[in-house]
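Please walk through this protein with the model open beside the text. The route runs from single positions to pairs of side chains.

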Amino acid sequence: MLRLLDGYLPPTVDVERRLLDVGCGTGTMLIHLRRYGCTYGVDMDHEAVGFCRERGLHTVAQATALDLPYEDGAFDLVTFLDVLEHIPDQDSA
């Protein structure tokens, strides 16, 4: 994934990009995405958000993908990795 992003977002410190990782879990991808700009994360799990903060990732909020606490257009890149398979099937709920 990072090699793919390298082709579109060369790592740089001169550009102030904002990146959002939806479903960031414990923040591993946020750490890797830092090379492209300022990272933010959201996860619906309170414990995952707490773990992120313990790791020093303080731009993480508890939220769902359908109710993001940010304005439209606030980010240059939004990732949504390994999330869809965790959304409950509405037919079986």
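## From the surface inward

Aspartate 82 counts as exposed, at 61% relative accessibility. The model is a predicted one. Aspartate 82 sits in the segment after β4. In sequence, 57 residues separate aspartate 82 from glycine 25. In space, the C-alpha atoms of aspartate 82 and glycine 25 are 9.6 Å apart.

Now step back to the whole fold. The protein has three helices and four strands. Read from the N terminus, the order is α-β-α-β-α-β-β. The chain has 93 residues, and 33% of the residues are buried. The accessible surface is about 6400 Å². Carbon and sulfur atoms account for 53% of that surface. Take the contacts between residues at least 6 apart in sequence: 48% of them join residues at least 24 apart.

Methionine 1 offers another view of the chain brought back on itself in sequence terms. Methionine 1 lies in the segment before α1. Methionine 1 is partly exposed, at 47% relative accessibility. The C-alpha atoms of methionine 1 and leucine 81 are separated by 9.8 Å. Along the chain, these two residues are 80 residues apart.

Go next to helix α1, where leucine 5 has its place. Is leucine 5 buried or exposed? Leucine 5 is buried, because its relative accessible area is 8%, below the 20% limit for burial. Which residues does leucine 5 touch, leaving aside its neighbours within four places in sequence? Leucine 5 is in contact with Pro10, Leu33, Tyr36 and Leu77. Take Leu33 from that list. Leucine 5 and leucine 33 are 28 residues apart along the chain. Their C-alpha atoms are separated by 9.3 Å.

Stay with helix α1 for a charged pair. How many salt bridges does a search of the whole structure find? The search finds one salt bridge. Arginine 35 forms a salt bridge with aspartate 6. The closest N and O atoms of the pair are 2.9 Å apart, and the cut-off is 4 Å. Aspartate 6 belongs to helix α1 (residues 2-8), while arginine 35 lies in the loop between α2 (28-33) and β2, so the salt bridge ties together parts that are 29 residues apart in sequence. In general, side chains of opposite charge can pair when their charged atoms come close. Both partners can be placed on the accessibility scale. Arginine 35 is partly exposed, at 36% relative accessibility. Aspartate 6 is partly exposed too, at 26%.

Turn now to the rings. Across the whole structure, a search finds three aromatic pairs. One of these is formed by tyrosine 40 and tyrosine 70. Their ring centres lie 6.0 Å apart and their planes meet at 70°, so the pair is edge-to-face. The angle matters here because planes over 60 degrees apart count as edge-to-face. This pair links distant parts of the chain. Tyrosine 40 is in strand β2 (residues 38-43). Tyrosine 70 is in the loop between β3 (60-62) and β4 (77-79). The two tyrosines are 30 residues apart. Tyrosine 40 is buried, with a relative accessible area of 17%. Tyrosine 70 is partly exposed, with 22%.

Tyrosine 70 has a further ring partner, phenylalanine 75. Here the ring centres are 5.0 Å apart and the planes stand at 90°, so this pair is edge-to-face as well. Phenylalanine 75 is buried, at 15% relative accessibility. Ring pairs thus link Tyr40, Tyr70 and Phe75 into a cluster. A charged side chain joins the picture at phenylalanine 75. Arginine 18 lies over the face of phenylalanine 75, at 4.9 Å from the ring centre.

The cysteines come last. How many disulfides does the structure hold? The structure holds zero disulfides. A disulfide is a covalent bond between the sulfur atoms of two cysteines. Why does cysteine 24 have no such bond? The closest cysteine sulfur to that of cysteine 24 is in cysteine 52, at 4.2 Å, which is too far for a bond. The limit is 2.5 Å. Cysteine 24 is buried, at 7% relative accessibility. Cysteine 38 is partly exposed, at 38%.

Key
Residues are numbered from 1 along each chain as its sequence is written. Side-chain values use heavy atoms; hydrogens and water are left out. Buried means under 20% relative accessible area, exposed over 50%, partly exposed in between (1.4 Å probe, protein chains only). Contact means heavy atoms within 4.5 Å. Accessible areas come from the Shrake-Rupley method with a 1.4 Å probe; for residues, only the protein chains shown count as cover. Rings of Phe, Tyr and Trp (its six-membered ring) pair if their centres lie within 6.5 Å; planes under 30 degrees apart count as stacked, over 60 as edge-to-face and the rest as tilted. A charge sits over a ring if NZ of Lys or CZ of Arg is within 6 Å of the ring centre and within 35 degrees of the ring normal. A salt bridge is a side-chain nitrogen of Lys or Arg within 4 Å of a carboxyl oxygen of Asp or Glu.
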